[in-house]
Amino acid sequence: MRIYCEDGRQFTGLFKCIDAYQNVILSDTTESRQDMQRHVGMIMVPGQHIQKVLVENLDLDVMSVSLTLTEEYKSVILAGLPPAVIMDICSRAMSFWTYQASQELSYHQAMARSQKEKIRLVESRASATLADMRERLKGK
């Protein structure tokens with residue numbers, strides 16, 4: 001599934017679920033904007049920011065759906081709900097956002113560790129090559 005957001009970003013991933021507020025959860029997701037692309041894992045795309053959704057099924061058919069909400073719908077979506085329900089919705093949204101942020105942080109930390117290990121390996125090889133070259137120069 002590919003989701004186009006109003007700020008120009010695109011998210012491409014595996015559809016997991018959608019809620020009553022049109023928030024979409026994708027897994028194994030890639031975020032794209034202009035010439036940049038990065039893997040973001042599992043995310044929730046808030047329905048209020050979704051402009052367009054493209055869905056591809058196994059037969060490679062494509063379906064386009066517009067999820068643009070009217071201003072009237074946005075203003076009355078929570079009207080009539082008890083404050084406890086609204087607080088529960090907000091609490092769940094914040095918990096999910098916290099989870100998403102922690103997962104992104106974990107991913108970046110893992111990538112940093114991997115890159116540090118690669119740098120250590122390159123530095124080790126460079127030091128060995130430099131020592132070898134010094135030995136060869138002394139031998140001449």
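## Salt bridges, cysteines and a nonpolar core

The side chains of R38 and E104 meet in a salt bridge, with N and O 2.6 Å apart. (A salt bridge here is a side-chain nitrogen of Lys or Arg within 4 Å of a carboxyl oxygen of Asp or Glu.) This pair links distant parts of the chain, 66 residues apart: R38 sits in strand 4 (residues 36–45) and E104 in helix 2 (residues 83–139). Helices (H or I, at least four residues) and strands (E, at least two) are DSSP runs, numbered from the N terminus.

A quick word on what you're looking at: this is a predicted model, where local features need pLDDT of at least 70 and side-chain atom pairs count only at pLDDT 80 or more, while totals for chains, interfaces and linings use all residues. Residues are numbered from 1 along each chain as its sequence is written, and side-chain values use heavy atoms, with hydrogens and water left out.

### The charged pairs

Searching the whole structure turns up eight salt bridges. One of them joins R9 to E31. R9 lies in the loop between strand 1 (2–5) and strand 2 (10–18), and E31 is in strand 3 (residues 24–33), so this pair ties together parts that are 22 residues apart in sequence. Then there's E117 with R120, a pair within helix 2: they are three residues apart, which puts about one helical turn between them.

| Pair | N to O distance |
|---|---|
| R9 and E31 | 3.4 Å |
| R38 and E104 | 2.6 Å |
| E117 and R120 | 3.0 Å |

How open are these side chains? For relative accessible area, buried means under 20%, exposed over 50%, and partly exposed in between (1.4 Å probe, protein chains only). E31 is buried at 1%, whereas its partner R9 is partly exposed at 25%. R38 comes out partly exposed at 27%, and E104 is also partly exposed at 27%. On helix 2, E117 has 47% and R120 has 48%, and both count as partly exposed. Salt bridges that share partners also join D7, R9, E31, R33, R38 and E104 into one network.

### The nonpolar core

Which residues make up the largest nonpolar core? Ten do: I3, C5, F11, V24, L26, V40, I43, V45, I50 and V53. (A nonpolar core is a set of buried Ala, Val, Leu, Ile, Met, Phe, Trp, Tyr and Cys residues joined through side-chain atoms within 4.5 Å.) Strand 1, strand 3, strand 4 and strand 5 (50–56) each give two or more residues to this core, and strand 4 has the largest share, with three.

V45 is a handy place to start exploring. Leaving out residues up to four places away in sequence, V45 touches I3, C5, F11, Q22, N23, V24 and I50, where contact means heavy atoms within 4.5 Å. S27, in strand 3, is buried too, at 10% relative accessibility. With the same sequence exclusion, S27 touches G13, L14, K16, G41 and M42.

### The cysteines

How many disulfides does the structure hold? Zero, taking a disulfide as a pair of cysteine sulfur atoms within 2.5 Å. The sulfur of C5 has its closest cysteine sulfur in C17, 16 Å away, which is too far for a bond. For C90 the closest cysteine sulfur is again in C17, at 18 Å, also too far. C5 is buried at 5%, while C90 is partly exposed at 39%.
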